[in-house]
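Please load the model in your viewer, show it as a cartoon with side chains available on request, and follow the stops below in order.

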Amino acid sequence: MSDSVAVEHCSSSVVADTASDARPIYLDYHATTPVDKRVADVVVRYMTTMFGNASSADHVLGDEADAAVNDARRQVASLVGAEPRDIVFTSGATESINLALKGVAASFMSRRRMLRVAYMPVEHRAVLDTLTALAAGGAAELHPLRVDRGGRLDMDDLTEACRAGVDLVCVMAANNEIGTLYPLQAVAELAHAHGALMFSDATQAVGKIPLASATWGIDLLACTAHKLYGPKGVGALVIGPSATIEPLIHGGGHQRGLRSGTLNVPGIAGFGEACRLRELEMSTDEPRVAALRNRMEAILCARIAGLVVNSAPEARLAGNLHISIPDVPNTVVLGRIRDRVAIATGAACSSGIEGPSHVLRAIHLPQALQDGALRIGVGKFTTGNEVEAAAQLIAAAVLDARVTLSDLPRRFSHSGRQANTHSAGQ
Ligand code: PLP
């Protein structure tokens with residue numbers, strides 16, 4: 001049965017089949033993606049058979065590793081619309097972002113200039129924390145830009161900031177919580193018209209939407225393999241010809257001295273293969289992903305009264321569905337289904353204890369909607385049956401939580417204690 005047919009049907013047997021499956025239904029594709037088996041095959045090959053060091057110039061194992069890195073550079077460049085020579089491989093988007101922002105700031109410092117940066121408060125923590133560290137060290141002056149309730153950038157505010165004088169404009173390609181897509185070409189044109197560079201954290205967008213980094217004038221672009229069905233621990237920074245950056249990691253002078261260290265050939269070859277596959281398959285996968293996301297949204301809206309969709313409907317990632325259920329804390333919903341459906345309250349974080357989302361605060365989402373926020377991420381391996389089953393499980397958890405929560409004041413007043421809705425159902 002094709003998935004477009006599958007998404008039209010919802011039956012209780014679907015729910016029962018999936019509920020008996022040992023693995024949870026994975027709908028957290030913004031956090032990470034499963035590695036495509038074709039990519040995994042390439043990674044294993046470069047770990048076990050073609051395991052040479054790309055810098056070993058004395059034998060063919062080095063030559064084949066070096067060739068794999070060059071192939072990957074072409075594949076990554078082709079997917080993001082950049083020149084292969086502009087690709088620097090890193091350990092992931094966090095490192096790419098650090099290299100871009102600290103690298104440009106260091107180059108400004110070497111000319112005794114402080115970097116003036118305009119940025120969106122809905123950027124990923126890797127951008128915000130790096131900028132904050134630069135500002136704390138006196139290397140950058142920060143100018144936050146206005147965004148609206150959908151996380152959309154206020155272009156008039158950006159124009160004003162550019163007129164007032166900025167050296168670098170930071171605008172992500174797609175938001176990792178609410179999925180909002182940004183007009184990168186228009187932002188780059190505006191930045192350049194005022195003599196500023198443009199940096200984009202394109203981590204969530206690469207392999208999901210067409211990108212033309214060089215044509216659009218993006219001077220620095222960060223991405224990572226594990227959001228596009230590649231392995232974790234490998235990413236890239238695209239450094240266009242107009243950007244001058246200082247390296248963060250010194251060593252053997254690898255990658256034109258911009259990022260020393262033995263190249264992670266298996267990861268890089270896998271990243272390249274993942275990019276090659278996205279370039280071939282993105283245009284057929286993403287409309288299907290959007291149809292599944294729409295189906296999920298339709299079921300949840302029909303079954304959960306009062307549900308609010310937070311993503312900007314006209315400009316969001318195909319797989320993104322960000323919702324709020326105002327009267328049920330998200331932890332109460334997740335507590336009921338976390339072994340059966342993998343969805344998130346917000347961005348994945350290192351500690352596992354995610355505080356209030358800075359993105360939801362930045363878009364001024366009312367507190368009740370922040371507390372009831374759920375991020376659902378659909379991906380290319382998601383099936384219609386999974387969407388049907390997960391939607392039913394989420395809806396059932398919400399309805400069940402509502403019954404429990406409405407019962408709480410009565411039970412607690414009976415026992416003389418105060419209700420704590422946040423710990424209910426845990
Ligand atoms: N930027 C965005 C928008 C992200 O979603 C992520 C991953 O969560 C990162 C940066 C960091 O990526 P990495 O895990 O490769 O360091």
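**First stop: the enclosed space**

In this predicted model, the largest cavity has a volume of about 110 Å³, and the count of cavities of 30 Å³ or more comes to one. To find this space, select Tyr29, His30, Lys208, Gly319 and Val378, which lie nearest the centre of the largest cavity among the 14 residues that line it. If you then colour the lining of the largest cavity by residue class, you will find six nonpolar, six polar and two charged residues.

**Second stop: strand S2**

Next, select residues 87–90, which form strand S2, and show their side chains: Ile87 and Phe89 are buried on one side, while Val88 and Thr90 are buried on the other, so that both faces of the strand are covered. In a regular strand the side chains alternate between the two faces of the sheet.

Now add residues 235–239, which make up strand S8, and you will see that S2 and S8 pair in the antiparallel sense over four bridges. One place to look within this pairing is Thr90, whose bridge partner in S8 is Gly235.

**Third stop: Asp86**

Finally, move to Asp86, which is found in the loop between helix H4 (60–80) and S2. Is Asp86 buried or exposed? Asp86 counts as buried, because its relative accessibility is 10% and the cut-off for that class is under 20%. To see what surrounds Asp86, leave aside its neighbours within four places in sequence and select its remaining contacts, which are Leu237, Val238, Ile239, Gly240, Pro241 and Arg256.

Note on methods. Residues are numbered from 1 along each chain as its sequence is written. This is a predicted model: local features need pLDDT of at least 70, side-chain atom pairs count only at pLDDT 80 or more; totals for chains, interfaces and linings use all residues. Side-chain values use heavy atoms; hydrogens and water are left out. On a 1 Å grid over the protein atoms alone, a cavity is a set of points where a 1.4 Å probe fits but cannot get out, and a pocket is an open set with protein on both sides within 12 Å along at least five of seven lines; lining residues have an atom within 4 Å of a point. Grid points are joined across faces, edges and corners, and a volume is the space filled by probe spheres set on the points. Ala, Val, Leu, Ile, Met, Phe, Trp, Tyr, Cys and Pro count as nonpolar, Asp, Glu, Lys and Arg as charged, and the others, Gly among them, as polar. Buried means under 20% relative accessible area, exposed over 50%, partly exposed in between (1.4 Å probe, protein chains only). Helices (H or I, at least four residues) and strands (E, at least two) are DSSP runs, numbered from the N terminus. Two strands pair if DSSP finds at least two bridges between them. Contact means heavy atoms within 4.5 Å.
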